[in-house]
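The report below goes through one protein model, taking its local features in turn. Please read it with the sequence and the coordinates at hand.

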Amino acid sequence: GIYHTFTRSTSKDTRRHKVFVIVSGCLSEAAEEFHNLWQDSGNELTCHELLACEELNWLRSTTHRNHNRVASQISRLFGLRMHHVADTDDPSHAAQLVFPTTSTYKADLR
């Protein structure tokens, strides 16, 4: 979503207009595949090994990258000024994403 607010400067004498683009959600198919991997290898993997596995790191980075690409598309659609960079992991080398300022996680695994 797009959110609007006014913030005060550090000296508290002026107010600034700010717009935030917030993207949430997961990549359902990829998350489901990881969940299946977890279920299938539950007897062989420790929790530490699962959290350190390449598949989980891929899921995290791909989700983060997807959120940044969606934010880029939203900012272009509404004419918002944001810092766009090339998506270096895109095979076509045509996709852009925004450089995020804040990333938070509501829940790491569901």
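## A serine in a helix

In which helix does Ser72 lie? The model is a predicted one, and in it Ser72 belongs to helix H3. With a relative accessible area of 2%, Ser72 is buried. Once residues up to four places away in sequence are set aside, Ser72 touches His84, Gln96, Leu97 and Val98.

## Salt bridges around Asp87

The structure holds two salt bridges. In one of them the side chains of Asp87 and Arg65 meet at 2.9 Å, taken from N to O. Asp87 sits in the loop between strand S3 (84–86) and strand S4 (96–98), while Arg65 is part of helix H3, so this pair ties together parts that are 22 residues apart in sequence.

Asp87 also meets Arg69 through their side chains in a salt bridge, with an N to O distance of 3.4 Å. Here the link again joins distant parts of the chain, as Asp87 is in the loop between S3 and S4 and Arg69 is in helix H3, 18 residues apart. Through shared partners, the salt bridges join Arg65, Arg69 and Asp87 into one network. As for accessibility, Asp87 is buried, with a relative accessible area of 3%, whereas Arg69, with 24%, is partly exposed. In general, side chains of opposite charge can pair when their charged atoms come close.

## The nonpolar core

Which residues make up the largest nonpolar core? That core has six residues, namely Ala30, Phe34, Leu50, Cys53, Leu56 and Leu59. Helix H1 (28–40) and helix H3 (54–78) each supply at least two residues of this core. For Ala30, leaving aside its neighbours within four places in sequence, the contacts are with Trp58 and Leu59.

## Cysteines without a disulfide

A disulfide is, in general terms, a covalent bond between the sulfur atoms of two cysteines. The structure holds zero disulfides. Why does Cys47 not form a bond with Cys53? The sulfur of Cys47 has its closest cysteine sulfur in Cys53, at 11 Å, and this is too far for a bond, because a disulfide needs the two sulfur atoms within 2.5 Å.

The same 11 Å applies when the search starts from Cys53, whose closest cysteine sulfur is in Cys47. As to their surroundings, Cys47 counts as exposed at 56% relative accessibility, whereas Cys53 counts as buried at 12%. Cys53 is also one of the residues of the largest nonpolar core.

## The hairpin and its loop

Strand S1 (residues 2–8) and strand S2 (residues 15–21) run antiparallel and are joined by seven bridges. For Thr7, the bridge partner in S2 is Arg16. The hairpin of S1 and S2 has six residues between the strands, and in this hairpin Lys12 takes a positive phi near 60°.

## A positive phi at His93

Most residues other than glycine have a negative phi. His93, although it is not a glycine, has a positive phi of about 60°. Where is His93 found? His93 is located in the loop between S3 and S4, and it counts as exposed, at 64% relative accessibility. Asp87 lies in the loop between S3 and S4 as well, but Asp87 is buried, with a relative accessible area of 3%.

Conventions
Residues numbered from 1 in each chain as written. Predicted model: local features only at pLDDT ≥ 70, side-chain atom pairs only at ≥ 80, totals over all residues. Heavy atoms only, no water. Buried < 20%, exposed > 50% of the residue type's maximum accessible area, 1.4 Å probe, protein only. Core = buried A, V, L, I, M, F, W, Y, C linked by side-chain atoms within 4.5 Å. Helix = DSSP H or I, 4+ residues; strand = E, 2+ residues; numbered from the N terminus. Contact = heavy atoms within 4.5 Å. Pairing = 2+ DSSP bridges. Salt bridge = Lys/Arg side-chain N within 4 Å of Asp/Glu carboxyl O.
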